[in-house]
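Colleague: Pick out one spot in this model and give me a close look at it, please. After that, walk me through whatever else you'd point at on the screen.

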Amino acid sequence: MAKFPRSRRKSGVIPLLHLAQVQNGGWIPVTAMYKIAKVCEVAPMSVFETVTFYAMFNRKPVGKYHIQFCVTTPCMLRGCDNIIHHAEAYLNVHMGGTTHDKVFTLGEMECMG
């Protein structure tokens, strides 16, 4: 952060969140969010808002493979519910859950298309 101008330290939040997620096995604990807020000299709420806004950040542990399904109206009209139900049945886990072997986690996201 030494190379960031003091007025631009907030721009370090996303890269630091990504690093924290990698270092914590795919998720970001609250303690890491507080530390990032302190390092970037921003309010902790600003970091929490960033984590909850972006689907790429996980606030709880996830499996090795995090499978996310779009659940917006256009994708629902095209049959995403059927795909979700098949994935849940095949993996024996519900949306938001992780398989017992910690390999797969199912999640929701906004459309990428």
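**A loop residue, and what else to look at**

Modeller: Let's go with Lys102, which counts as exposed because its relative accessibility is 59%, over the 50% cut-off. Keep in mind that the model is predicted. Lys102 belongs to the loop between α5 and β2. What makes me stop there is the backbone: phi at Lys102 is positive, about 65 degrees, even though the residue isn't a glycine.

Asn92 is worth a click as well. Its place is in the loop between α5 (80-91) and β2 (104-109), and phi is about 60 degrees, so here's another non-glycine residue with a positive value. Asn92 is exposed, at 64% relative accessibility.

Now for the charged side chains. How many salt bridges does the structure hold? Just one, formed by Glu41 and Arg9, with 2.9 Å between the closest N and O atoms. Glu41 is in the loop between α2 (30-40) and α3 (44-53), while Arg9 is in the segment before α1 (13-23), so this pair ties together parts 32 residues apart in sequence. The partners' surroundings are worth a look too: Arg9 counts as buried, with 15% relative accessibility, whereas Glu41 is partly exposed at 41%.

Then there's the helix pair. α1 and α2 pack with their axes 10 Å apart, at an angle of about 145 degrees, and α1 passes α2 in a right-handed crossing. On the α1 side, the contact is made by Val13, Leu16, Leu17 and Ala20. α2 brings in Ala32, Met33, Ile36, Val39 and Cys40. Sort the contact of α1 with α2 by class and you get nine nonpolar residues, with no polar and no charged ones.

Last stop, the cysteines. Which cysteine sulfur is closest to that of Cys70? The one in Cys75, at 3.2 Å, which is too far for a bond because a disulfide needs the two sulfur atoms within 2.5 Å. Looking from the other end, Cys75 has its closest cysteine sulfur in Cys70. The disulfide count therefore comes to zero. Cys70 itself is buried, with a relative accessible area of 14%.

So if you're rotating the model as you read, start at the exposed Lys102, go on to the salt bridge between Glu41 and Arg9, and finish with the unbonded sulfurs of Cys70 and Cys75.

Note on methods. Residues numbered from 1 in each chain as written. Predicted model: local features only at pLDDT ≥ 70, side-chain atom pairs only at ≥ 80, totals over all residues. Heavy atoms only, no water. Salt bridge = Lys/Arg side-chain N within 4 Å of Asp/Glu carboxyl O. Helix = DSSP H or I, 4+ residues; strand = E, 2+ residues; numbered from the N terminus. Buried < 20%, exposed > 50% of the residue type's maximum accessible area, 1.4 Å probe, protein only. Axes fitted to C-alpha atoms, helices over the stretch in contact; angles between N-to-C directions. Left-handed = near helix turned anticlockwise from the far one by under 90°. Contact = heavy atoms within 4.5 Å. Nonpolar A, V, L, I, M, F, W, Y, C, P; charged D, E, K, R; others polar.
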